[in-house]
Amino acid sequence: MKLYEQKELHCHFVVLCPDFNLGHLRSTVSSITGSYPQSGITAVLSEEVHPDDLADAQKVCKTVKAGKSITGMINAGLKEGGQEWNLVVVAGSWLRGWVIRKMSNFVESEYDILFPVVDRRYLFKEATINGILIHRKAFDAVGPMADNNPIEVCKMMWELDAKEKGCKFKAVVGCQIM
C-alpha cells in the first residue's frame with residue numbers, strides 16, 4: 001500500500017461502554033450507521049452490567065461482556081470485532097464520516113496502528129483510546145493488552161510488544177473523535 005493515498009478500509013467498530021448508558025450507545029451507533037452503513041458494530045459492556053441493560057444494548061447492536069478494565073474491554077472487543085480493520089470508540093462519541101478516509105491515508109500495512117492526536121498527546125501510551133485503528137492481524141500477532149496495571153502502563157507494555165512484532169504506531173493529527 002502507498003502512503004498518503006486514500007485506501008478502501010473495511011472497518012468494524014468496537015464501542016466501549018465502561019459506564020453503561022443506553023443513550024450514549026445509541027448516539028454512537030447512530031453516528032456510525034449514518035456514515036458507515038456497511039460496517040459492523042460491537043458494543044463491549046462491563047461484566048457487571050445489569051441483565052436488563054444487557055438486553056437493551058443487544059437491541060441496538062451486537063454486544064459482548066468483558067472485564068472491568070478498559071484494556072480488558074478493548075481486548076474483548078477486538079477479539080469479537082471484524083476480520084480486517086477495527087476502530088475503537090467510546091460510547092457517547094460522535095463519529096464523523098471522514099475519519100476512516102483520513103486515517104486511510106497513513107496506512108501502509110496491516111501492521112500499522114493509528115491513533116488520533118488529542119491535546120498534543122502524540123505518544124501511544126499517553127493518547128486517547130477513542131479512535132485507535134488496528135488491523136485484526138496486528139492484534140492477533142501481538143496478543144491482548146495486560147489489564148493488571150494502570151492503563152498507561154498497560155498501553156506502554158503492549159506498545160513495546162507490538163514494536164517487537166513489527167508494528168508501526170502512527171499519531172494522526174485532525175482525526176479527533178468528539
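This passage describes a β-α-β unit, the largest pocket and the cysteines of a predicted model. Residues are numbered from 1 along each chain as its sequence is written. In this predicted model, local features need pLDDT of at least 70 and side-chain atom pairs count only at pLDDT 80 or more, while totals for chains, interfaces and linings use all residues, and side-chain values use heavy atoms, with hydrogens and water left out.

Strand 2 (residues 41–46) and strand 3 (residues 62–66) run parallel and are joined by five bridges; helices (H or I, at least four residues) and strands (E, at least two) are DSSP runs numbered from the N terminus, and pairing requires at least two DSSP bridges between two strands. Leu45 has Lys65 of strand 3 as its bridge partner. Together with helix 2 (residues 51–60), strands 2 and 3 make a right-handed β-α-β unit, the path from the first strand over the helix to the second running clockwise with the strands pointing away from the viewer.

Helix 4 (99–104) and strand 1 (11–17) each supply at least two residues of the lining of the largest pocket, and helix 4 gives the most, with three.

The structure holds zero disulfides (pairs of cysteine sulfur atoms within 2.5 Å). Cys61 is in no disulfide, and the nearest cysteine sulfur, that of Cys17, is 7.2 Å away. Cys61 counts as buried (under 20% relative accessible area, 1.4 Å probe, protein chains only) because its relative accessibility is 10%. The sulfur of Cys154 lies 17 Å from the closest cysteine sulfur, in Cys167, and is therefore too far for a bond. Cys154 also counts as buried, at 1% relative accessibility.

Definitions and conventions:
Buried < 20%, exposed > 50% of the residue type's maximum accessible area, 1.4 Å probe, protein only.
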